[in-house]
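Let us walk through this protein step by step. Keep the sequence and the 3D view side by side as you read.

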Amino acid sequence: MSFSFVISQEKQDSVSVYTNPIFFIGVNLGYTNGELKGINTSFDVNYQSKNNLITFKYAIIADIKEFLLFPIIITETEQYSLLYGKRYLIDGFSYHFSGGISYNSTNDRRINETYNYFGFPIEIGANWFHSEKKRFRILYGLIPVGKPTGFGRSIGLKFYANIAKKRYVGLGLNLGLGWHKKYK
């Protein structure tokens, strides 16, 4: 009978600690060159498990020419991408390598023609973010709100390319918001 009490004992410091998921969104603004040239804006949703990164990205590339002070869009491309890659963390810094598949639709307004095609997008990026929990700040970082949290902003650079019927490479500034690592 005395052994049954010993087995039922539990360690007192075995309390489970909640850690947040690594989930963040990003907005990218950059310049693209190649068969498609122009301003690139994109929005992406990212989820990381261990060091595996899954990204869904929506991008628009617009080739803009100025005509009598009014901008005219010559070509416009919409891209939907699903990427898989590896992301590595070092304190308040991360870098990633991703590749995947994309569906592209290019509207050439010079000849009034639309092209739909698949491609293989590639991304290499680096981001900086807070390495510790901090109070979230609004109004350009002036007003702290709430308790310290892992939810925060990031800034980084992203090199991207798409191997497809209309190829391009580009470089952009990336702004992010979310949980960029597991905070304790």
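Begin with the largest pocket. Its lining has 17 residues. Those nearest its centre are His130, Lys134, Arg135, Gly152 and Arg153. Two elements each give two or more residues to this lining: β7 (134–138) and β9. The largest share comes from β7, which supplies four residues. The space inside the pocket is about 190 Å³. What classes of residue make up the lining of the largest pocket? Seven are polar, six are charged and four are nonpolar. Bear in mind that the model is a predicted one.

Now pick out one residue of this lining. Lysine 134 is among the residues nearest the centre of the pocket. Lysine 134 sits in strand β7. Is lysine 134 buried, partly exposed or exposed? Its relative accessible area is 42%, so lysine 134 is partly exposed. The cut-offs explain the label: buried means under 20%, exposed means over 50%, and partly exposed lies in between. Which residues does lysine 134 touch, beyond those up to four places away in sequence? They are Lys147, Pro148 and Thr149. Now find phenylalanine 151. It is 17 residues from lysine 134 in sequence. In space, the two C-alpha atoms are 8.3 Å apart.

Step back to the whole chain. The protein has one helix and ten strands. What is the order of the elements from the N terminus on? The helix comes at the start, and the strands follow, as α-β-β-β-β-β-β-β-β-β-β. The protein has 184 residues, and 35% of them are buried. Now look at contacts with a separation of 6 or more. Of these, 55% are between residues 24 or more positions apart.

Next, follow some strands that pair. Strand β4 covers residues 70–90, and strand β5 covers residues 93–108. They pair in the antiparallel sense, over 16 bridges. Find leucine 82, and you will see isoleucine 101 of β5 opposite. The two strands form a hairpin with two residues between them. Aspartate 91 is in this loop between β4 and β5. Its phi is near 50 degrees. That is a positive value in a residue other than glycine. Why is the sign worth a look? Most residues other than glycine have a negative phi. Aspartate 91 is also exposed, because its relative accessibility is 60% and the exposed class means over 50%.

Move along to the next pair. How many bridges join β5 to β6? There are 14, and the strands run antiparallel. One bridge links aspartate 108 to glutamate 113, which belongs to β6. These strands also form a hairpin, with four residues between them. Asparagine 112 is in the loop between β5 and β6. Its phi is near 55 degrees, again a positive value in a residue other than glycine. Asparagine 112 has a relative accessible area of 67%, so it is exposed.

Now look for enclosed space. There is one cavity of 30 Å³ or more. It holds about 90 Å³ of space. Its lining has 15 residues. Phe24, Asn46, His96, Asn127 and Asn174 lie nearest the centre. Which elements give two or more residues to the lining of the cavity? They are β1 (22–34), β2 (38–49), β3 (52–67), β6 (113–129), β9 (151–163) and β10 (168–179). The largest share, three residues, comes from β1. By class, this lining has eight polar, four charged and three nonpolar residues.

End with a residue in β2. Glutamine 48 lies in this strand. Is glutamine 48 buried or exposed? Its relative accessibility is 5%, so glutamine 48 counts as buried. The cut-off for buried is under 20%. Which residues is glutamine 48 in contact with, leaving aside neighbours within four places in sequence? They are Ile22, Leu53, Arg87 and Leu89. With arginine 87 there is also a polar contact: the side chains of glutamine 48 and arginine 87 are joined at 2.5 Å.

Technical notes. Residues numbered from 1 in each chain as written. Predicted model: local features only at pLDDT ≥ 70, side-chain atom pairs only at ≥ 80, totals over all residues. Heavy atoms only, no water. 1 Å grid on protein atoms, 1.4 Å probe; cavity = no way out; pocket = protein on both sides within 12 Å on 5 of 7 lines; lining within 4 Å. Points joined across faces, edges and corners; volume = space filled by probe spheres on them. Nonpolar A, V, L, I, M, F, W, Y, C, P; charged D, E, K, R; others polar. Pairing = 2+ DSSP bridges. Buried < 20%, exposed > 50% of the residue type's maximum accessible area, 1.4 Å probe, protein only. Contact = heavy atoms within 4.5 Å. Polar contact = N/O pair within 3.5 Å; in protein donor to acceptor, adjacent residues only side chain to side chain.
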